[in-house]
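Me: I am new to this structure and would like a close look at a single part of it. Please take the sheet, and then follow its connections outward to whatever it leads to.

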Amino acid sequence: MAVRPITTLGHQILRTKALPVDDQTLASKKFKTLITDLVDSMQAARGIGIAAPQIGVSLQVAIINARDGALVIVNPRITKTSFRTTSAEEGCLSVPGVFGLVRRPTTITITYTDEHGKSVRIEASGLLARVFQHEVDHLNGILFIDKVARLTQGVLS
Ligand code: ZN
């Protein structure tokens, strides 16, 4: 178990498109350690999701703290978004103390590889869809503050 420091606004890695994970990397011991560290760091920071660049690793991997445990998503791609959008408050471990309303598609279809190398395709809506989109943005160098419509007080904090 290792909790790694969270990179914050100003670090170039947060603005860099992360590299795809290849099969060899996915099968490596180093990758398993990365997954454990991501989960540990997310839990220590009490986040609901975390992307690898947030602990200084520019790889397309993120963890989503879903209802039935931590979901590992590798090389995710959002393939479908609903026309309908929802506005809700977001925050980010990498932008501490800042919260704001972000409008995003309500329902999405996402495909990714799990930690065992299996392809997964799921439809998500509500908070889960929002967290997926927030984390996929991280892997593309995008932060929620780029999309915020209005800053808020942070009821989620
Ligand atoms: Zn974030």
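Reply: A good place to begin is one pair of facing residues: isoleucine 64 stands opposite leucine 71, which is in strand 3. Helix 2 (residues 29-44) packs on the sheet and touches strand 1, strand 2 and strand 3. The direction of helix 2 makes about 45° with that of strand 2. The model is a predicted one, and the description below should be read in that light.

The sheet as a whole comes next. It is an open sheet formed by 5 strands in the order 1-2-3-6-7, with antiparallel pairing. Strand 1 and strand 7 (119-125) stand at the edges and have a single partner strand each, so one side of each is left without a neighbour in the sheet. From one strand to the next, the twist averages 40°.

Now strand by strand. Strand 1 (residues 49-51) pairs with strand 2 over 3 bridges, in the antiparallel sense. Here isoleucine 50 is found opposite isoleucine 63 of strand 2. Strand 2 (residues 61-66) has 5 of its 6 residues buried, so it is largely enclosed by the rest of the structure.

Strand 2 is also joined to strand 3 (residues 69-81), by 6 bridges, and these two strands run antiparallel. They form a hairpin with 2 residues between them. Asparagine 65 stands opposite alanine 70 of strand 3.

Further along the order are strand 6 and strand 7, which run antiparallel and are joined by 7 bridges. Threonine 109 has glutamate 123, in strand 7, as its bridge partner. The hairpin of strand 6 and strand 7 has 5 residues between the strands, and in this hairpin glycine 117 takes a positive phi near 90°.

Back to the helix that packs on the sheet. The 16 residues of helix 2 should span 22 Å at 1.5 Å a residue, and the end C-alpha atoms are 22 Å apart, which agrees. Which residues of helix 2 are buried? They are Phe31, Leu34, Ile35, Asp37, Leu38, Val39, Asp40, Ser41 and Met42. What covers these buried residues includes helix 1 (23-26), together with strand 1, strand 2 and strand 3. Just after helix 2 comes arginine 46, which takes a positive phi of about 55°.

The sheet also leads to another helix, by way of an aromatic contact. Searching the whole structure gives 1 aromatic pair. Its members are tyrosine 112 and phenylalanine 132, whose ring centres are 6.3 Å apart and whose planes are at 35°, so the pair is tilted. Tyrosine 112 lies in strand 6 (residues 107-113) and phenylalanine 132 in helix 3, so the pair ties together parts that are 20 residues apart in sequence. Tyrosine 112 is buried, at 7% relative accessible area. Phenylalanine 132 also counts as buried, with a relative accessibility of 0%.

Helix 3 in turn leads to the metal. The zinc ion is coordinated by Cys92 through SG, and by His134 and His138 through NE2, at 2.0 to 2.3 Å. Along the chain, the donors follow the spacing C-x41-H-x3-H. Why are histidine 134 and histidine 138 about one helical turn apart? They are 4 residues apart in helix 3 (residues 126-139), so about one helical turn separates them. An α-helix has 3.6 residues a turn, so residues three or four places apart point the same way. Are the two histidines buried or exposed? Histidine 134 is buried, since its relative accessible area is 8%. Histidine 138 counts as buried too, at 1% relative accessibility.

One residue beyond helix 3 completes the tour. Lysine 147 is placed in the loop between helix 3 and strand 8 (148-152). With a relative accessible area of 36%, lysine 147 is partly exposed. Leaving aside neighbours within four places in sequence, lysine 147 is in contact with Leu101, Val102, Arg104, Asp137 and Ile142. Among these, Asp137 falls within the residue range of helix 3, 126-139. Lysine 147 and glycine 100 are 47 residues apart in sequence, and their C-alpha atoms are 9.1 Å apart in space.

Definitions and conventions: Residues are numbered from 1 along each chain as its sequence is written. This is a predicted model: local features need pLDDT of at least 70, side-chain atom pairs count only at pLDDT 80 or more; totals for chains, interfaces and linings use all residues. Side-chain values use heavy atoms; hydrogens and water are left out. Donors are N, O and S atoms within 2.8 Å of the metal (3.2 Å for Na, K and Ca); water is not among the atoms, so sites may look incomplete. Buried means under 20% relative accessible area, exposed over 50%, partly exposed in between (1.4 Å probe, protein chains only). Rings of Phe, Tyr and Trp (its six-membered ring) pair if their centres lie within 6.5 Å; planes under 30 degrees apart count as stacked, over 60 as edge-to-face and the rest as tilted. Two strands pair if DSSP finds at least two bridges between them. Axes are lines fitted to C-alpha atoms, for helices over the stretch in contact, and angles run from 0 to 180 degrees between N-to-C directions. Contact means heavy atoms within 4.5 Å. The expected span of a helix is 1.5 Å times one less than its number of residues.
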